[in-house]
Amino acid sequence: MDVAADVVVLGHGAAGCAAAIEAHDAGARVVLVDKMPAGLEGGNTRVSGGAWWEPSSAGRAAVYLRSLCGERPVPEPVIAAWAEECTRTTAWMREVVGADVAVVPGTLDRGIAGTVVEVPPEFPELEGSDAVTGWRAVGGALGRSRLLTALAAALARRDITVLLGTRAERLVQDAEGTVVGVQVTDDDGTRTIRATGGVVLATGGFEGDVRMVRDYLRLPQTLTWGSPHNTGDGHRMAQKAGADLWHMDNMTSIEGFGVPGFESGFYARFSFRKGFLYVDADGRRCVDELPRTGHGQARVHGAYEHVPARSLHAVFDEETRLAGPISPNAAMLPVGWNVLVEGYEWSWDNSVEVEKGWLHRADTLEDLAPLIGVDPELLVASVARYNAACAAGFDEQFGRDPSTLVALGAGPYYAFTSAPMVAWSNGGPRRNEHAEVLDPFGDPIPGLYAAGGVSTTYSWCKDGGMHIADALAFGRIAGRRSAGRGISARSRD
Ligand SMILES: Cc1cc2nc3c(=O)[nH]c(=O)nc-3n(C[C@H](O)[C@H](O)[C@H](O)COP(=O)(O)OP(=O)(O)OC[C@H]3O[C@@H](n4cnc5c(N)ncnc54)[C@H](O)[C@@H]3O)c2cc1C
């Protein structure tokens, strides 16, 4: 083995950085590897809002998480560890990472500024939703990689070996199955890094792997909002080492679409507050277009369902085209791979994207229909029925909020096909409250830990900021736990 460490962390996102910092500060020798080269490391954390939720108390957070999981319960010790650790994130970011942290304006803040309720919890009807106290972020602002920058600076201030452009390929196990290292590949070839304390999987989700997306999320294609390089590598390594899996059917999807030349997708419908409708593959209107949606789930006919879960055609008119970008540009929402890494600036009136052919345009609905492959008569009838609902102020078909019912006017008309864009997957190697990866019999695989997108805590519903919170919380837990194991192994030698 060429390099030795107590803890080897795979992945330079929020979870990996938190694990590396915490393991180092506990006294461990730490190596962190990321498969991407400098400037592209950081996965979804790089292009995220970077905001984390902070609960009012561990007790209320636990109640809320239990409610969010609903019929898909998560073990109580995991809930307790998550709740307790989440209450510590802001202090950890300030004191250990050294970041300037503030409440993101427009989110609820009871802790600092009184009782202003500007953005309510996404599931206010659930018990425990009073735990929501708004979002915290570096600099009190969303996006622009501020969180990753702060975490990377904290790594750099420490004696932590960071190897970018270094892909983890396989875990190395001894005869008893204990994980003792990891095989990595970089420009110089393949080598093994020994880990006396353990390996922390922080490789993000599988949203960029088409086979896993098909198998587990039942979607035909991959369409990522974040890094297209989160391809389930950690999942495969963990499975090969004997891990059980959990939450594999859970995801956070939003409306999006892919265009030629871009590996990731564009968040679509940002300016769609009112004048538009969705039609199905045949041209029929088929859903309430604007249900109250949390992060990936909405309450549909009394049950929490994945929304969006299938592709639909969005149809709108000239007024909506001129109402603002269909996909937010950096000035509006500085998040997402195409916005922050590719640097794409969507035009304010969508004219550039119409010109490119990304948005279809036709003078009449009859002419628009073939451009999206739907039946012209059904499309015309769907718009007529939708417009009648707008005139009546009542959507008898799908119960859309009357305040959003704005009729489509005269042509020209526009359309694009909106697919469920997997912002991130939620499932991965099953782990316990110590971030230890479990085998199918519930026993920890010695020396293997997981945190963040590779294995989130969330079995079903989740609120804003909970994913960064989860990555930072279980990253810290994994770092401490693996460091303790490594240091005691070293002291025995
Ligand atoms: C557009 C967008 C906005 C978001 N905004 C928010 C928000 O505001 N709040 C919130 O809570 N959540 C948000 N999320 C979700 C959140 O970003 C993620 O859940 C979180 O960043 C996951 O962190 P992570 O460290 O687990 O994974 P990532 O940040 O995805 O990092 C994984 C890392 O592992 C590396 N890697 C993968 N495979 C290998 C391998 N084989 N070897 C070595 N390295 C490997 C990748 O290159 C990457 O650097 C957002 C997500 C997106 C896409």
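Q: If contact means heavy atoms within 4.5 Å, what does W82 touch in this predicted model, leaving out residues up to four places away in sequence?
A: W82 touches W53, A61, L65, T457, Y458, M466, D470 and F474, with residues up to four places away in sequence not counted; each of these therefore has a heavy atom within 4.5 Å of one in W82.

Q: What makes the largest nonpolar core a core, and which of its residues touch the most other members?
A: A nonpolar core is a set of buried residues of the listed nonpolar types joined through side-chain atoms within 4.5 Å, and the largest such set here has 65 residues, of which W53, W82, M93 and L151 touch the most other members. Helix α14, residues 466-492, gives the largest share of this core, with 10 residues. Because membership requires burial, W82 must have under 20% relative accessible area.

Q: Which residues are among those of another core that lies apart from it?
A: That other core has 24 residues, including A5, L10, V184 and V437.

Q: Why is the space lined by W225, G265 and F266, among others, called a cavity?
A: The name applies because a 1.4 Å probe fits at its points but cannot get out. This is the largest cavity, with about 70 Å³ of space, and the search of the whole structure finds 2 cavities of 30 Å³ or more. Its lining also includes Y267, W337 and N338, and α10 (337-340) supplies the largest share, 3 residues, while β12 (266-267) is another element that supplies at least two.

Q: How do you know whether charged residues line the largest cavity?
A: The lining divides into 8 nonpolar, 4 polar and no charged residues; since charged means Asp, Glu, Lys or Arg, none of these four types lines the largest cavity.

Q: What makes the lining of the second largest cavity count as having a charged residue?
A: This cavity, with about 40 Å³ of space, is lined by T45, S48, G49, G50, A137, V138, A141, G143, S145, R146 and L147. Arg counts as charged, so R146 is the 1 charged residue, set beside 4 nonpolar and 6 polar ones. The elements giving two or more residues to this lining are β5 (132-138) and α6 (146-156).

Q: Why is the space of about 590 Å³ called a pocket?
A: It is called a pocket because its set of points is open, with protein on both sides within 12 Å along at least five of seven lines. This second largest pocket has a volume of about 590 Å³, and of its 24 lining residues V287, D288, P291, V300 and V307 are the closest to its centre. Strand β18 (413-425) is one of the elements giving two or more residues to the lining, and its 3 residues are the largest share. The lining residues divide into 12 nonpolar, 4 polar and 8 charged.

How values were computed
Residues are numbered from 1 along each chain as its sequence is written. This is a predicted model: local features need pLDDT of at least 70, side-chain atom pairs count only at pLDDT 80 or more; totals for chains, interfaces and linings use all residues. Side-chain values use heavy atoms; hydrogens and water are left out. Grid points are joined across faces, edges and corners, and a volume is the space filled by probe spheres set on the points. Helices (H or I, at least four residues) and strands (E, at least two) are DSSP runs, numbered from the N terminus. Buried means under 20% relative accessible area, exposed over 50%, partly exposed in between (1.4 Å probe, protein chains only).
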